[in-house]
Amino acid sequence: MGGPVPLDGKDMGKVIAIGIDGAPWELVDRFIASGSLPTFERLVGTGASADLMSTIPPVTSPAWKCYSTGKNPGKLGAFWWTKVSFKEKRLSFVTGADFKSKDYWDYISDAGQYTVQINMPMSYPPPKEWNGVFISGVPALENDEYTYPRELKQDLLDRMNYRITLETAFEVSAEKAIRSVSELIDLRFDVAEEHVERADFLQVSIFFIDDAQHF
């Protein structure tokens, strides 16, 4: 959602983006028809909606970075959750640091706009300099320093018991995992509501629906 974003430091209005992983139109349309998603119904009815072609391979990493950079996995240099070092003969996990291209909100922040990024996959580690608030998503873990500014993490823990990951895996208890997914979604939007008034650009990403879909 939103409009063109001038990068000359002038007021661009407010742009809000909501990313949902694992929410195909097949399901969204069904829930709209049942009356369960009135906000989606309004957005679809007053805007535009369509299926998009996924990346090759169609996997969270690097798909989210393809969205945020406009580049394909070949140009980004990452194709999966892991990467191969032939020199060291080992596998290692891919993080946001492995993607050298800028995300489009980096340009917004660099232009002096107050920029809020919440929970996008492959956004860990957070930037060292940022004009606004940045909260990394997976592959960050609970013990990692996943926020900018750094002290924001402790504030989120103290006030909201904020979490990056599910408390219970689906393989352990699907019922508890679904409750955890719901709690994490609420947390993301609680944080977004705290910053939306100040933000020039805000993106909040909902990831753990994807875990439920895999299960």
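Student: Why is the contact between the side chains of D155 and R159 called a salt bridge?

Tutor: The term requires a side-chain nitrogen of Lys or Arg within 4 Å of a carboxyl oxygen of Asp or Glu. For D155 and R159 the N to O distance is 3.0 Å, which is within 4 Å, so the pair qualifies as a salt bridge. The model is predicted, so local features need pLDDT of at least 70 and side-chain atom pairs count only at pLDDT 80 or more, whereas totals for chains, interfaces and linings use all residues. Residues are numbered from 1 along each chain as its sequence is written, and side-chain values use heavy atoms, with hydrogens and water left out.

Student: Where do D155 and R159 lie?

Tutor: Both belong to helix α6 (residues 152-160), four residues apart, or about one turn of the helix. A helix here is a DSSP run of H or I of at least four residues, a strand is a run of E of at least two, and both are numbered from the N terminus.

Student: What makes D155 and R159 partly exposed?

Tutor: Buried means under 20% relative accessible area, exposed means over 50%, and partly exposed lies in between (1.4 Å probe, protein chains only). D155 has 31% and R159 has 46%; both values fall between the two limits, so both residues are partly exposed.

Student: Which further salt bridge involves R159?

Tutor: R159 also meets the side chain of E194, at 2.8 Å from N to O. E194 lies in helix α7 and R159 in helix α6, so this pair ties together parts that are 35 residues apart in sequence. Through shared partners, salt bridges join D155, R159 and E194 into one network. The structure holds nine salt bridges.

Student: How do you know that K83 and D98 form a salt bridge?

Tutor: Their closest N and O atoms are 2.4 Å apart, which is within the 4 Å limit, so the pair is a salt bridge. The pair links distant parts of the chain, 15 residues apart: K83 is in strand β2 (residues 82-85), and D98 is in the loop between β3 (90-93) and α5 (104-110). K83, at 35% relative accessibility, is partly exposed, as is D98 at 21%.

Student: What makes β2 and β3 a pair of strands?

Tutor: Two strands pair if DSSP finds at least two bridges between them. Four bridges join β2 to β3, so the requirement is met; the two strands run antiparallel. One bridge has S85 with R90 of β3 as its partner. The strands form a hairpin with four residues between them, and K89 in the turn has a positive phi of about 55°.

Student: Which strands are the edge strands of the five-stranded sheet?

Tutor: The sheet is open, with mixed pairing and the order β1-β7-β4-β5-β6. Its edge strands are β1 (15-20) and β6 (147-148), each of which pairs on one side only. Within the sheet, β4 (residues 115-118) and β5 (residues 132-135) pair in the parallel sense over four bridges, and Q117 has F134 in β5 as its bridge partner.

Student: Why is N119 called buried or exposed?

Tutor: N119 has a relative accessible area of 4%, which is under 20%, so N119 is buried. The residue lies in the loop between β4 and β5, and its phi is near 75°, a positive value in a residue other than glycine. N161, in the loop between α6 and α7, also has a positive phi, near 55°. At 53% relative accessibility, over the 50% limit, N161 counts as exposed.

Student: What makes V84, F86 and L91 a nonpolar patch?

Tutor: Patches are made of residues with over 30% relative accessible area and no salt bridge; like charges are joined within 9 Å, and nonpolar side chains (Val, Leu, Ile, Met, Phe, Trp, Tyr) within 5 Å. V84, F86 and L91 form such a patch on the surface, with about 380 Å² of accessible area together, by the Shrake-Rupley method with a 1.4 Å probe, where for residues only the protein chains shown count as cover. V84, found in strand β2, has 52%, which is over 50%, so V84 is exposed.

Student: Which peptide bonds are cis?

Tutor: The bond from I56 to P57 is cis, with omega near 5°, and P57 lies in the loop between α2 (38-46) and α3 (60-69). A cis bond also joins S61 and P62, with omega about 25°; P62 is in helix α3.
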